[in-house]
Amino acid sequence: MAKSYGALFLLALIVFSLLQTMVMASSGSGVKYNPKRYGPGSLKRSQCGKECDRRCSKTQYHNACILFCNKCCRKCLCVPPGYYGNKQVCSCYNNWKTQQGGPKCP
């Protein structure tokens, strides 16, 4: 009898875990960004320095990050949220590539 309760408990735990995984996957990252704050043209040139300082604050290559972030910000007038990624929020920032096809903006 105790073995059947243990097996039933284990089965319920697995089902619960699968359901939780499916719910988490269907909701995506769950983070939505305000397009007025982060979209293309959302910044003034005077705001680029502060936003690039924030964007590059945790990188190992701080000077290069600041240089290219400011260049991209002056052209696109936006800097994506966070320290890394999220470039889809700012299409110009995301689509500007180097001659080799790599990303220009950090």
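In this predicted model, C52 makes several contacts beyond its closest neighbours in sequence. Leaving aside residues within four places, C52 is in contact with I66, C69, N70, C73 and V79. C52 lies in helix α3. The relative accessible area of C52 is 0%. The cut-off for a buried residue is under 20%, so C52 counts as buried. C52 and C65 stand 13 residues apart in sequence. In space, their C-alpha atoms are 8.1 Å apart.

C52 is one of the buried residues of α3, a group that also includes C48, E51 and R55. These residues cover an arc of only 100 degrees around the axis, so they sit on the same side of α3. The buried residues of α3 pack against two elements, α4 and α5 (91–95).

C52 also belongs to the largest nonpolar core. This core has 15 residues. Those with the most contacts inside the core are C52, C69, C73, V79 and Y93. Two elements, α3 (48–55) and α4 (62–76), give two or more residues to the core. The largest share comes from α4, with 6 residues. In soluble globular proteins, nonpolar side chains tend to be buried together.

C69 links several of these residues. With neighbours within four places in sequence left aside, C69 is in contact with C52, V79 and Y93, which are also among the core residues with the most contacts. The other contacts of C69 in this set are R55, C56 and P106. R55 is one of the buried residues of α3.

Notes:
Residues numbered from 1 in each chain as written. Predicted model: local features only at pLDDT ≥ 70, side-chain atom pairs only at ≥ 80, totals over all residues. Heavy atoms only, no water. Core = buried A, V, L, I, M, F, W, Y, C linked by side-chain atoms within 4.5 Å. Buried < 20%, exposed > 50% of the residue type's maximum accessible area, 1.4 Å probe, protein only. Helix = DSSP H or I, 4+ residues; strand = E, 2+ residues; numbered from the N terminus. Contact = heavy atoms within 4.5 Å. Arc of directions from axis to C-beta.
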